Amino acid sequence: MYIKSNLVYLKQINNLTVRQLAKATGLTNARYGNIVNGKINEKNLTIETVTKLANYFKVSLDDFVFKDLATENKNCGKLPQWKIIALTI
């Protein structure tokens with residue numbers, strides 16, 4: 001399973017802080033740290049938590065769990081970056 005590595009990868013490519021990720025997904029800072037540091041085994045995560053994370057990054061649940069996204073597809077899970085463009089009339 002690749003939940004831990006995909007979570008780290010997707011957070012990194014989207015330039016997210018743990019706080020931003022927590023706010024968007026409901027995952028606490030401590031829980032994120034426990035997943036990434038291996039204190040929570042990937043097999044012990046609830047389907048609800050894994051689904052929230054996959055949905056947030058717009059990645060299929062199957063890909064989020066079973067594929068190493070860092071090597072499979074460099075753009076997979078890249079969130080759109082909104083830019084404010086000033087228009088002059």
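In this predicted model, K58 is found in the loop between α4 and α5. The phi of K58 is positive, near 55 degrees, in a residue other than glycine. Most residues other than glycine have a negative phi. K58 counts as exposed because its relative accessibility is 65%, and the cut-off for exposed residues is over 50%. A second non-glycine residue with a positive phi is N15, for which the value is about 50 degrees. N15 lies in the loop between α1 and α2, and its relative accessibility of 64% likewise places N15 in the exposed class. Positive phi values are also found at two glycines that come after helices. G26 follows α2 and has a phi near 85 degrees, while G38 follows α3 and has a phi near 80 degrees.

The largest nonpolar core contains 21 residues, of which L7, L10, F57 and F64 touch the most other members. Helices α1, α3, α4 and α5 (61–66) each contribute at least two residues to this core. The greatest contribution comes from α1, which supplies five residues. With residues up to four places away in sequence left out, the contacts of L7 are L21, Y32, I35, L53, F57 and F64.

L7 also takes part in the packing of α1 against α3, where K4, L7, V8 and K11 of α1 meet Y32, I35 and V36 of α3. The residues of this contact comprise five nonpolar and two charged, with no polar residue. The axes of α1 (residues 3–13) and α3 (residues 29–36) come within 9 Å and cross at roughly 125 degrees. The two helices are therefore classed as oblique to each other, since 125 degrees lies outside the ranges for roughly perpendicular, 65 to 115, and roughly antiparallel, over 145.

Within α3, the buried residues are Y32, G33, I35 and V36. These residues cover an arc of only 160 degrees around the helix axis, so they lie on the same side of α3. Their cover includes α1 and α2. Y32, I35 and V36 are the α3 residues named above in the contact with α1.

A comparable description applies to α2 (residues 18–25), in which L21, A22 and T25 are buried. Viewed down the axis of α2, the buried residues fall within an arc of 100 degrees and therefore line one face of the helix. An α-helix has 3.6 residues a turn, so residues three or four places apart point the same way. The elements that cover the buried residues of α2 include α1, α3 and α4 (47–56). One of these buried residues, L21, is among the contacts of L7. On the other side of α2, R19 and K23 are exposed.

In α4, T49 was examined individually. T49 lies in this helix and is buried, because its relative accessible area is 14%, where the limit for buried residues is under 20%. When neighbours within four places in sequence are left aside, T49 is in contact with L27 and R31.

Definitions and conventions. Residues numbered from 1 in each chain as written. Predicted model: local features only at pLDDT ≥ 70, side-chain atom pairs only at ≥ 80, totals over all residues. Heavy atoms only, no water. Axes fitted to C-alpha atoms, helices over the stretch in contact; angles between N-to-C directions. Helix = DSSP H or I, 4+ residues; strand = E, 2+ residues; numbered from the N terminus. Parallel < 35°, antiparallel > 145°, perpendicular 65-115°, else oblique. Contact = heavy atoms within 4.5 Å. Nonpolar A, V, L, I, M, F, W, Y, C, P; charged D, E, K, R; others polar. Buried < 20%, exposed > 50% of the residue type's maximum accessible area, 1.4 Å probe, protein only. Arc of directions from axis to C-beta. Core = buried A, V, L, I, M, F, W, Y, C linked by side-chain atoms within 4.5 Å.
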